[in-house]
There are 2 protein chains.
Amino acid sequence: MLREEERLALGAFVKLSRAVETVIAKTQRHLADSGLTLSQFGVLEALYHLGPLNQREIGRKILKSSGNISLVLTNLERRSLIHRTRLAHDRRHVTVELSDRGRELIETIFPRHSGTIVAALSVLDRQEQEELGRLCRKLGLANRSGRGQERT
Amino acid sequence: MLREEERLALGAFVKLSRAVETVIAKTQRHLADSGLTLSQFGVLEALYHLGPLNQREIGRKILKSSGNISLVLTNLERRSLIHRTRLAHDRRHVTVELSDRGRELIETIFPRHSGTIVAALSVLDRQEQEELGRLCRKLGLANRSGRGQERT
DNA sequence: CGGTGATAGTTTAATATCAAACTATTTTAC
DNA sequence: GTAAAATAGTTTGATATTAAACTATCACCG
């Protein structure tokens, strides 16, 4: 019914999706203990590793629309995990940075998050993880949204 | 700063997530032309390939919570793409099936959807797709949610 | 200047998503 | 046979998500 080429590609993609979903589900369970969603964690982690960013830069890092970032930041701000500041010399930009509480939280949570992923991937040996990374990198780069299809 | 094991696993996982996100983004753009979300498409596709199912079975197929399935079905029902029927001999169960309109729609859309994925994966040759499938299958199976963590 | 266009962020409307509480129904145990 | 437990589905409350419309600000050009 399906051509061979089709069967192979669809099968690989289903397995790819399922694999990501199962690992993400594990990380979400653990993040929920701290009352964080995966998106909130993504923002805190980006700020932690890259320092203060404006909202567009955050959106580019975690691949979300600007409207979405705006909301996620509002929720983080409500819990005093980040600060937003308008730049004086260009009032269109908002600089986002971790609060002390936010820094403490991400410093506590990141090792656990990382541990969850390392454990999940540990069914694959070093060489398999390298190969998986190589194939996914190739796939991701070839299909990255180009030609004016970035999210606004 | 990060141990080698950690760097490798986190790196592989980020690439894995990005690859899935980029391919999914492509399929969503195309599904949006028909006014379907990915979840709605997932339901229609399951019904198309597997025949009538109850809501729990659908949830298991597309890995979503029962509450979510309930809502997605309501939205599909509003557009007359599916029918819901209570089973006479066990009134707890709802049998979901494609309407004629739903069948027409999925028959039109599925080939395009499939084509999008085949095209996206085509940067990998046959052997690479097989290897990617093998690695992801291993990863997914090892981390499938067990121990009472299914979604309700 | 002074308007035109670009850029950053916010808001809105629709859908999705989960966990948890809830309803309805059936099965099981006593 | 009825009470308790299990099962299927729905609802609720909170967050996420996008596209598109919108606001505010700045840059550039005449």
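A salt bridge is a side-chain nitrogen of Lys or Arg within 4 Å of a carboxyl oxygen of Asp or Glu. The exercises below use this term and a few others on a predicted model, in which local features need pLDDT of at least 70 and side-chain atom pairs count only at pLDDT 80 or more, while totals for chains, interfaces and linings use all residues. Residues are numbered from 1 along each chain as its sequence is written, chains are lettered from A and ligands numbered from 1 in the order in which they are written, and side-chain values use heavy atoms, with hydrogens and water left out.

**Exercise 1. Describe the elements of chain A and the box that its C-alpha atoms fill.**

Solution. Begin with the elements, where helices (H or I, at least four residues) and strands (E, at least two) are DSSP runs, numbered from the N terminus. Chain A has 6 helices and 3 strands, and read from the N terminus their order is α-α-β-α-α-β-β-α-α. Then take the principal axes, along which the C-alpha atoms of chain A fill a box of roughly 60 × 35 × 25 Å.

**Exercise 2. Find the turn and the shift that lay chain A on chain B, and name the relation.**

Solution. The copies are superposed by least squares on the C-alpha atoms of residues with pLDDT of at least 70 in both. A turn of 180 degrees, with a shift of 0.0 Å along the axis, lays chain A on chain B with an RMSD of 0.0 Å. That is the relation of a two-fold axis. Within chain A, the C-alpha nearest this axis belongs to Leu132(A), at 3.3 Å from it.

**Exercise 3. Characterise the interface of chain A and chain B by its residues, its area and its salt bridges.**

Solution. First count the residues in contact (heavy atoms within 4.5 Å): chain A gives 56 residues and chain B gives 56 residues. The copies meet through the same surface, because 100% of the interface residues of chain A are also interface residues in chain B.

Next comes the area. The size of an interface is often given as the accessible area lost when the parts come together. Buried area is here the accessible area (1.4 Å probe) that two parts lose on being put together, summed over both. Between chain A and chain B it is about 5,300 Å², and carbon and sulfur atoms give 70% of it. Leu8(A), Phe13(A) and Asn143(A) supply 11% of the area that chain A buries against chain B, which is more than any other three residues.

Then turn to the pairs. The rule finds 6 salt bridges across the interface of chain A and chain B, and a salt bridge joins the side chains of Glu4(A) and Arg126(B) at 3.9 Å, N to O. On the side of chain A that touches chain B, α1(A) gives the most, with 21 residues. By class, that side has 26 nonpolar, 10 polar and 20 charged residues, where Ala, Val, Leu, Ile, Met, Phe, Trp, Tyr, Cys and Pro count as nonpolar, Asp, Glu, Lys and Arg as charged, and the others, Gly among them, as polar.

**Exercise 4. Describe the surface near DNA strand D, and give examples of protein atoms close to its phosphate oxygens.**

Solution. A residue is near a strand if one of its heavy atoms lies within 4 Å of it. There are 27 residues around DNA strand D, and among those that come nearest are Thr37(A) and Ser70(B). Sugar and phosphate account for 78% of the atoms of DNA strand D that come within 4 Å of the protein.

For the phosphate oxygens, an N or O atom in the side chain of Ser70(B) is 2.5 Å from one, and a backbone N or O atom of Arg56(B) lies 2.8 Å from one. The largest share of the surface near DNA strand D comes from α4(A), with 6 residues. By class, this surface has 4 nonpolar, 13 polar and 10 charged residues.

**Exercise 5. Carry out the description for DNA strand C.**

Solution. Around DNA strand C there are 26 residues, with Gln55(A) and Thr37(B) among the closest. Of its atoms within 4 Å of the protein, 76% belong to sugar or phosphate and the rest to bases. A polar side-chain atom of Thr37(B) lies 2.4 Å from a phosphate oxygen of DNA strand C, whereas for Arg91(B) a polar backbone atom is 3.0 Å from a phosphate oxygen of this strand. Finally, α4(B) gives the most to the surface near DNA strand C, with 5 residues, and the classes of that surface are 4 nonpolar, 12 polar and 10 charged.

Notes. Polar contact = N/O pair within 3.5 Å; in protein donor to acceptor, adjacent residues only side chain to side chain.
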